[in-house]
Amino acid sequence: MNPVAAAVGEAAPAKVNLYLHVLGRRGEDGYHLLDSLVVFAGATDQVEAVPAAGRIAPSLEVEGPEAGALSVEDPARNLVLRAARALAQEARIGAPAAAVTLRLTKRLPVASGIGGGSADAAATLRALDRLWGLGWPRARLEGVARRLGADVPACIAARPVRMGGVGEVLAPSPRMPARLGLVLANPRLPLATPAVFGARAGGFSAPATLPEAGWRDAVGLARDLATLRNDLEPAAIGLCPPVAEVLAALRALPGCLLARMSGSGATCFALMADAAAAAAAAERLPRAWWRWGGGLYAATA
Ligand code: ATP
């Protein structure tokens, strides 16, 4: 073990489900089985881990434009602290090294279908792996991540990935286009994931068939994605009708190749030819919404 004394920072990028098919339900607990292709956007939270002499356990400070939504909750339930405790236990890190201040800069809207909490948990595991000098391989961090939530393992690498099982089974993504733009928009209304799954009506979908060679450009990707769906979209619109307005506004943006909801909503995305087009298009959306435009966080799988 070779601990790092200074602060360590890690970005926590937003997850975007390019499609999300609900395949069925798991026997033992009724959790939904999914097939989804996930990419990570350049929109991020930030987690900083700072050694805190004189304390005995990890503590949390939250700041940033979306921090308010978390202030009503017990900090001990925050995924950042849960991730820190889980890694300290697994790596047998006790005081004084376990005494860290975790500073979370919250920019991603909470409960919005882009997995901000999962991204924060994964960024915490990466930051503490470095701060504590563990140097664990990715698979070992993913093992800890799995105990924190189904989406957390995918957020460790934060690269395009195909998710199966209840989200925890990871398979390589076909190659993404070298240039791809994403616009994200949210009507500033939280949607609880269990409520959306509960409101889902209808049968189950088949897994998608994706081209093994991947996609050369955004147009080809959008064309293939148009044959697929987010199976949670109708339920989310039923619970939160403004989601339909967001989708209509994204579809009306110049250069929009495809618009769809991410995860269990209410954030929706538009695919664009490149990051510059997406950044310019996001400016045209209503200021009252949370909106972002840019490229992928990391394009290669
Ligand atoms: P998912 O798609 O993984 O269900 P989401 O994008 O809809 O997630 P998150 O922003 O990850 O939603 O938040 C889900 C819930 O997790 C929040 O309502 C909150 O109670 C809890 N939570 C705990 N820690 C965090 C965190 N660091 N950031 C956001 N939410 C957190």
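How far is an oxygen atom of the ligand from an N or O atom in the side chain of Lys15? In this predicted model, the separation between these two atoms is 3.3 Å, and the legends below place that contact in its surroundings.

**View 1. Polar contacts between the ligand and Lys15, Ala111 and Gly115.** The side chain of Lys15 brings an N or O atom to 3.3 Å from an oxygen atom of the ligand. The backbone also takes part: an N or O atom from the main chain of Ala111 is found 2.8 Å from a ligand oxygen, and a backbone N or O atom of Gly115 lies 2.6 Å from an oxygen atom of the ligand. The ligand taken alone exposes 600 Å², of which the protein buries 81%.

**View 2. The ligand in the largest pocket, with its shell of residues.** The ligand occupies the largest pocket, and 21 residues surround the ligand, those that come nearest being Glu73, Ala111, Gly115, Gly117 and Thr193. Sorted by character, the shell comprises 7 nonpolar, 8 polar and 6 charged residues. Helix 3, which runs over residues 116–131, gives the most to this shell, contributing 4 residues.

**View 3. The segment that carries the UniProt "binding site" annotation.** According to the unreviewed UniProt entry, the annotation covers Pro109, Val110, Ala111, Ser112, Gly113, Ile114, Gly115, Gly116, Gly117, Ser118 and Ala119. From this set, the lining of the largest pocket takes in Pro109, Val110, Ala111, Ser112, Gly113, Ile114, Gly115, Gly116, Gly117 and Ser118. Ile114 is placed in the loop that runs between strand 4 (100–105) and helix 3.

**View 4. The residues annotated "active site", Lys15 and Asp151.** The annotation comes from the unreviewed UniProt entry and covers Lys15 together with Asp151. Although they span 137 residues in sequence, no two of their C-alpha atoms are more than 9.1 Å apart, so they gather at one spot. Both Lys15 and Asp151 belong to the lining of the largest pocket, where the ligand also sits. Lys15 itself is found in strand 1, which covers residues 8–25.

**View 5. Two cis peptide bonds, at Ala95–Pro96 and at Gly265–Ala266.** Most peptide bonds are trans. Ala95 and Pro96, however, are joined by a cis bond with omega of about 5°, and Pro96 lies in the loop connecting helix 2 (79–90) to strand 4. A cis peptide bond likewise joins Gly265 and Ala266, with omega of about 5°, and here Ala266 lies in the loop between strand 8 (258–261) and strand 9 (268–272).

**View 6. Ala158, a residue other than glycine with a positive phi.** Most residues other than glycine have a negative phi. For Ala158, by contrast, phi is near 55°, and this residue is located in the loop between helix 5 (152–157) and strand 5 (161–164).

**View 7. Residues 221–288, listed by UniProt as a domain.** The unreviewed UniProt entry places the feature "domain: GHMP kinase C-terminal" at these positions. In the model, the end C-alpha atoms of residues 221–288 lie 30 Å apart, and the span is 44% helix and 13% strand.

Key: Residues numbered from 1 in each chain as written. Predicted model: local features only at pLDDT ≥ 70, side-chain atom pairs only at ≥ 80, totals over all residues. Heavy atoms only, no water. Near = heavy atom within 4 Å. Polar contact = N/O pair within 3.5 Å; in protein donor to acceptor, adjacent residues only side chain to side chain. Areas by Shrake-Rupley, 256 points an atom, 1.4 Å probe, with all protein chains shown as cover. 1 Å grid on protein atoms, 1.4 Å probe; cavity = no way out; pocket = protein on both sides within 12 Å on 5 of 7 lines; lining within 4 Å. Sits in = over half its atoms within 2 Å of the grid points. Helix = DSSP H or I, 4+ residues; strand = E, 2+ residues; numbered from the N terminus. Nonpolar A, V, L, I, M, F, W, Y, C, P; charged D, E, K, R; others polar. UniProt positions renumbered as here; feature names shortened; annotations may be inferred.
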